[in-house]
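User: I should like to learn how to read the features of a protein model in order. Could we begin with the pairing of strands and then proceed to the chain as a whole?

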Amino acid sequence: MEKGEERVNEEEATAATGEAEAEAEVNPWEVSGKIDYDKLIDKFGCQRLDQSLIDRVHRLTSRPPHVFLRRGVFFAHRDFNEILDAYERGDKFYLYTGRGPSSEALHLGHLIPFMFTKYLQDAFKVPLVIQLTDDEKYMWKNLSVEESQRLARENAKDIIACGFDITRTFIFSDFDYVGGAFYKNMVKVSKCVTYNKVVGIFGFTGEDHIGKVSFPPVQAVPSFPSSFPHLFDGKDHLRCLIPCAIDQDPYFRMTRDVAPRIGYHKPALIESSFFPALQGDTGKMSASDPNSAIYVTDSAKDIKDKINKYAFTGGQDTKEKQRLYGANLEVDIPVKYLSFFLEDDDELEHIKTEYGSGRMLTFDVKKRLVEILVEIVERHCRARAAVTDEMVDAFMAVRPLPSMFG
């Protein structure tokens, strides 16, 4: 495969996105059904993140690969190899990720991209822009403009609590920031994307209001450095890397198609699988179903109750059967959650071996998971409590970043 070549033609993949698959539905607003990630890679036209790239990250950053890399949570990419090529040459890049603020508090699935983005920022010592799409949530959800804006600031506090470096991080809400150079890039993108193409990408229908049809350029243009003149003035050829869940891929296939036509590098992506709902891995955690998710506002008792009551297991229904037959790890949610958050590889393998063979009971696996999740949530709550409104203002201030690189 030649440098920059996609596994399948991006325009063909873009046109196919709106087609329904019997076994799963994956788009930026809905994830449901049993997801076959190999098929999703083929459908979207991205590439699997292989061990050679993970080893290369380790070598270039002199840091152990993040658990989300080691365990295949971030499993697909577009041109991540080119980002690493540029970095090895001494060229700079920046990170871009985002959050659609539709709930008061984040759940653990929402934290995944931010935890990983913090690792990337620390490992590569690069600037980061974080988009809060309060305008999108107003258009898609039953929220007022004011409520969308309020939720954006509340979510910003949870994001800041992840530990981002304020000297390298700019957080912005669309309602506050869109205009000027950012809007110019939106118009350029809009002019390059036909109505038929945007319908093919996103599956819009004649019943959707025009706000939905016009929104994709808003999410596209943070990929272009000139959208942030206070940060990247004169650096129009700076590359962009986007860590995100794979359901956001349609936005950036569109962006990658347009970017060279308006004078920019295609943004690179590194994409994650979904953090499954407690009830089973036929979708992702949903803010609309509080019992499907562990929230950063849940108490230790809430977490214990949710895991014990709702977490779908592959264990047997009696101790005797469990000892005899063992657990089906492929469907076991506690094991899947441990694969995300248990740092110790040896301990995880021990649990999987013992539980799969029947020497460990479901009760013991759930107990260990509760301990880990309570620790994560309580640590996050302490950090969140220290985030003031003044800190949010500082992260969202339009100002140069004092130590963007290095």
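Analyst: Let us start with one pair of strands in this predicted model. Strand 4 (residues 74–78) and strand 9 (residues 268–272) run antiparallel and are joined by four bridges.

User: What is the bridge partner of H77 in strand 9?

Analyst: The general idea is that strands of a sheet pair through backbone hydrogen bonds, either parallel or antiparallel. In the present case, H77 has I270 of strand 9 as its bridge partner.

User: In what order do the strands of the open sheet lie?

Analyst: The sheet has seven strands in the order 3-4-9-8-5-6-7, and the pairing is mixed. Strand 3 (47–48) and strand 7 (169–173) stand at the edges; each has a single partner strand, so one side of each is left without a neighbour in the sheet.

User: Which strands does helix 6 lie across?

Analyst: Helix 6 (residues 108–124) lies across strand 4, strand 5 (93–99), strand 6 (128–132), strand 7, strand 8 (239–245) and strand 9. Relative to strand 5, helix 6 runs at about 165°.

User: How should I read accessibility for a single residue; for instance, is D158 buried or exposed?

Analyst: The reading rests on cut-offs: under 20% relative accessible area is buried, and over 50% is exposed. D158, found in helix 8 (residues 145–160), counts as buried because its relative accessibility is 3%. Beyond its neighbours within four places in sequence, D158 is in contact with E104, A105, L106, V296, H380 and R384.

User: Where is D317 placed, and why does D317 count as exposed?

Analyst: D317 is in the loop between helix 16 (300–310) and helix 17 (319–325). D317 counts as exposed because its relative accessibility is 63%. As for its position relative to strand 4, the C-alpha atoms of D317 and A76 are separated by 36 Å, and the two residues are 241 apart along the chain.

User: How does the radius of gyration of the protein chain agree with that of a compact globule?

Analyst: A compact globule with 406 residues would have a radius of gyration near 22 Å; the protein chain has 21 Å, which agrees. The C-alpha trace spans about 65 × 50 × 45 Å along its principal axes, and the chain holds 21 helices and nine strands.

User: What do the totals for burial, contacts and surface add?

Analyst: Of the 406 residues, 54% count as buried. Among contacts between residues at least 6 apart in sequence, 79% join residues at least 24 apart. The accessible surface comes to about 17400 Å², with 51% belonging to carbon and sulfur atoms.

Notes: Residues numbered from 1 in each chain as written. Predicted model: local features only at pLDDT ≥ 70, side-chain atom pairs only at ≥ 80, totals over all residues. Heavy atoms only, no water. Helix = DSSP H or I, 4+ residues; strand = E, 2+ residues; numbered from the N terminus. Buried < 20%, exposed > 50% of the residue type's maximum accessible area, 1.4 Å probe, protein only. Pairing = 2+ DSSP bridges. Contact = heavy atoms within 4.5 Å. Axes fitted to C-alpha atoms, helices over the stretch in contact; angles between N-to-C directions. Rg over C-alpha atoms; globule rule 2.2 N^0.38 Å. Areas by Shrake-Rupley, 256 points an atom, 1.4 Å probe, with all protein chains shown as cover.
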